[in-house]
Amino acid sequence: MALVYPHKLDLALTPTPFQLLGRATAKWGRGHRLWVKRDDLTGCTLSGNKVRKLEFIAAHAIDTGCDTLITCGGLQSNHCRATALAGAQLGLKVHLLLRGAEPAEWEGNFLLDHLAGAEVSCYPKKQYVAEIGQLFEQWQAHYAAAGRKALAIPTGGSDGIGVWGYIAACEELQSDFAAAAIESAHIVTATGSGGTQAGLTLGAALHDLPATVWGVNVCDDEQYFLDKIASDAGQWRERYPGVPGVDVAPRVLDGHVGPGYAVATPEIFELIADLAALEGLVLDPVYTGKAFAGMLKELADGRFEGVRDIVFIHTGGVFGVFPQRAGFQPGL
Ligand SMILES: Cc1ncc(COP(=O)(O)O)c(C=O)c1O
């Protein structure tokens, strides 16, 4: 059965580059070749993995008559920043429901949210966790009463619509693999709300990509993501009944969260600085830094034995570096 994509908008600068990390390969490869898919280059401020999901989500919003997007996340959410900028680009109102007390200083993604003109509501963590479902409903009702129509986008844009972003990205990876003569690979991505990994896992199966997809979780645990990816894939099938039947077997590399979500150890900051100096590639301490560190640790432990090529999906997140600058200057 052929794969028919739903309508999407052009927001991401794609195809993104696919590059061999020669010096990183020499330093850490142990016989493997390390590649990077530069999804940090899907745009400048509208950058990272979320843009691929938003191409489908924003198209759905417009096609169903929505004039407002409501979404949620942490104060430094890359997804919220990308939604704010995409909304501004498309002339849609964006309302962000953020987890945490309003910071005194606007910086990183939070600053960009405001520059993009998004309405921002901050909720104390406890309230946010207990009430986020109700908050979405309240705000949707608020906009409805004002004659508007708001689409509620879940955390990270990870749902049955958002997964199309990385299903489509697997077509790019097919061409990348062909150009680089890669016949078999492991693909590694950071996983936070599961949608990128769900899309890659589905996409690899749908497009016969000769690759095993791994998510390095930056929060929660393996079981959480196995369930989350199954749920995103299930939603996708329900929403688009004509899609081909494929088995999803998500794989999670657990054990690399460190002290907690968005809290990194000195080793992660050191690795980010090392890679930036070695390859000119900047990771972040919340997502990609931990995922890259997890990939290197698993590689050293022999997880990828027998397969030469390892592909790291650089999912962006550079604006998360600045609020954590003290981690790079331990004396501060
Ligand atoms: C930079 C970055 N990388 C990776 C992820 C993880 O992607 P996903 O939420 O689709 O699991 C996120 C968002 O959570 C992110 O902002």
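This note goes through the two sheets, one helix pair and the ligand shell of a predicted model.

1. **The four-stranded sheet.** This sheet is open, and its strands run in the order β5-β4-β3-β6. The pairing is parallel. β5 (119-123) and β6 (150-153) are the edge strands, each pairing on one side only. On average, neighbouring strands here are turned by 20° against each other, direction ignored.

2. **Inside that sheet.** Strand β3 covers residues 68-74 and strand β4 covers residues 93-99. The two pair in the parallel sense, over seven bridges. For a point to check by eye, take Gly-74: it stands opposite Arg-99 in β4.

3. **Helices α3 and α4.** Helix α3 spans residues 78-90 and helix α4 spans residues 108-115. Their axes come within 9 Å and cross at roughly 20°. Angles under 35 degrees count as roughly parallel, so α3 is roughly parallel to α4. The crossing of α3 past α4 is left-handed.

4. **What makes the α3 contact with α4.** From α3 come Asn-78, Cys-80, Arg-81, Ala-84 and Leu-85. From α4 come Asn-109, Leu-112 and Asp-113. By class, this contact has four nonpolar, two polar and two charged residues.

5. **The ligand shell.** How many residues surround the ligand? There are 19, and the closest are Asn-78, Gly-156, Gly-192, Thr-315 and Gly-317. Asn-78 is also one of the α3 residues in the contact with α4. Three elements give two or more residues to the shell: α3, β7 (185-191) and α7 (195-206). α7 gives the most, with three residues.

6. **Character of the shell.** Which class supplies most of the residues around the ligand? Polar residues do: the shell has 17 of them, with two nonpolar and no charged residues. Glycine is counted as polar in this scheme. Keep that in mind when reading the class count.

7. **The six-stranded sheet.** The second sheet is also open, with the order β1-β2-β10-β7-β8-β9. Its pairing is mixed. β1 (18-20) and β9 (251-253) lie at the edges, and each pairs on one side only. Neighbouring strands are turned by 30° against each other on average, direction ignored.

8. **β7, β8 and helix α10.** β7 pairs with strand β8 (residues 211-217) in the parallel sense, over seven bridges. Ala-190 has Val-216 in β8 as its bridge partner. Helix α10 (residues 288-300) packs on this sheet and touches β7, β8, β9 and β10 (309-313). The direction of α10 makes about 145° with that of β7. β7 thus serves two points of this note, as it also gives residues to the shell around the ligand.

Notes. Residues numbered from 1 in each chain as written. Predicted model: local features only at pLDDT ≥ 70, side-chain atom pairs only at ≥ 80, totals over all residues. Pairing = 2+ DSSP bridges. Axes fitted to C-alpha atoms, helices over the stretch in contact; angles between N-to-C directions. Parallel < 35°, antiparallel > 145°, perpendicular 65-115°, else oblique. Left-handed = near helix turned anticlockwise from the far one by under 90°. Contact = placed C-beta atoms within 7 Å. Near = placed C-beta within 6 Å.
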